[in-house]
Amino acid sequence: NTCYLNSTIQCLSHTPILRDYFTSKAYLRDINTTNPLGHEGRLAQAFALLVHNLWKKHDRHGPPKAANPNTASSTPIDAPALTPKTFKE
């Protein structure tokens with residue numbers, strides 16, 4: 001049911017530490033792209049894109065700051081939609 005998914009996304013995106021982790025792209029440093037059982041971070045990137053789109057109009061931090069050398073330099077990709085079947089594969 002989509003209402004359960006919506007409420008879960010709302011709760012996760014309103015958790016400040018999680019929201020900041022994904023909107024600052026800090027999560028890119030933690031993605032394990034070599035795990036043979038993983039999906040190369042596609043779910044994390046899709047969630048980051050979703051959180052970014054939810055919060056881009058409500059940015060409370062002012063203008064963009066200079067790039068931090070401690071954060072990853074890659075940008076998230078437009079990840080394909082993951083259905084339950086493709087997520088299990």
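Which residues of α1 and α3 meet each other? The views below take that up, then move on through the rest of this predicted model.

**View 1. Helix α1 against helix α3.**
On the α1 side, the residues that meet α3 are Ile9, Leu12 and Ser13. Their partners in α3 are Phe47, Leu50, Val51, Leu54 and Trp55. Sorted by class, this α1–α3 contact comes to 7 nonpolar residues, 1 polar residue and no charged ones. As for the geometry, two packed helices are described by the angle between their axes and the distance between the axes. Here α1 spans residues 2-13 and α3 spans residues 42-55, and the pair packs at an angle of about 75 degrees with axes 11 Å apart. So α1 is roughly perpendicular to α3, given that angles from 65 to 115 degrees get that label.

**View 2. Helix α2 against helix α3.**
Now swap α1 for α2, which covers residues 16-23. Helices α2 and α3 pack at an angle of about 105 degrees, and their axes sit 9 Å apart. That angle makes α2 roughly perpendicular to α3. From α2, the contact uses Leu18, Arg19, Phe22 and Thr23. From α3, it uses Ala44, Phe47, Ala48, Val51 and Trp55. The class count for α2 with α3 is 7 nonpolar, 1 polar and 1 charged. If some of those α3 names ring a bell, Phe47, Val51 and Trp55 also turn up in the contact with α1.

**View 3. Tyr21 and its partners.**
Zoom in on Tyr21, which sits in helix α2. Is Tyr21 buried or exposed? Neither, as it happens: Tyr21 has a relative accessible area of 29%, so it falls in the partly exposed class. Setting aside neighbours within four places in sequence, Tyr21 touches Ala26, Tyr27 and Asp30. With Asp30 there is also a polar contact, side chain to side chain, at 2.4 Å. Across to α3, the C-alpha atoms of Tyr21 and Ala48 are separated by 8.8 Å, although these two residues are 27 apart along the chain. Ala48 itself is one of the α3 residues in the contact with α2.

**View 4. Ser7 in helix α1.**
Back in α1, this close-up picks out Ser7. What does the side chain of Ser7 have 3.0 Å from one of its polar atoms? That would be the backbone oxygen of Tyr4. Ser7 counts as partly exposed because its relative accessibility is 36%.

**View 5. Two positive phi values in the α2–α3 loop.**
Most residues other than glycine have a negative phi, and most peptide bonds are trans. The loop between α2 and α3 holds Lys25, and Glu40 is found there too. Lys25 has phi near 65 degrees, a positive value in a residue other than glycine. For Glu40, phi is near 60 degrees, again positive in a residue other than glycine. On accessibility, Lys25 is at 30% and therefore partly exposed. Glu40 is at 52%, so it counts as exposed.

**View 6. Thr34, also in the α2–α3 loop.**
Staying with the loop between α2 and α3, look for Thr34. With a relative accessibility of 66%, Thr34 counts as exposed. Its side chain makes a polar contact with the side chain of Asn32, and the distance is 2.9 Å.

**View 7. Cys3 and Cys11.**
A disulfide is a covalent bond between the sulfur atoms of two cysteines. How many disulfides does a search of the whole structure find? The search comes back with 0. Cys3 has 45% relative accessibility, so it counts as partly exposed. Cys11, at 54%, counts as exposed.

**View 8. Stepping back to the whole chain.**
To put the close-ups in context, the protein has 4 helices and 0 strands. Read along the sequence, that gives the pattern α-α-α-α. Of the 89 residues, 16% are buried. Take the contacts between residues at least 6 apart in sequence: 73% of them join residues at least 24 apart. The C-alpha separation of 8.8 Å between Tyr21 and Ala48 in View 3 is for a pair 27 residues apart along the chain.

Definitions and conventions:
Residues are numbered from 1 along each chain as its sequence is written. This is a predicted model: local features need pLDDT of at least 70, side-chain atom pairs count only at pLDDT 80 or more; totals for chains, interfaces and linings use all residues. Side-chain values use heavy atoms; hydrogens and water are left out. Axes are lines fitted to C-alpha atoms, for helices over the stretch in contact, and angles run from 0 to 180 degrees between N-to-C directions. Angles under 35 degrees count as roughly parallel, over 145 as roughly antiparallel, 65 to 115 as roughly perpendicular and the rest as oblique. Contact means heavy atoms within 4.5 Å. Ala, Val, Leu, Ile, Met, Phe, Trp, Tyr, Cys and Pro count as nonpolar, Asp, Glu, Lys and Arg as charged, and the others, Gly among them, as polar. Buried means under 20% relative accessible area, exposed over 50%, partly exposed in between (1.4 Å probe, protein chains only). A polar contact is a pair of N or O atoms within 3.5 Å; within protein, one must be able to donate a hydrogen and the other to accept it, and residues adjacent in sequence count only if both atoms are side-chain atoms. A disulfide is a pair of cysteine sulfur atoms within 2.5 Å.
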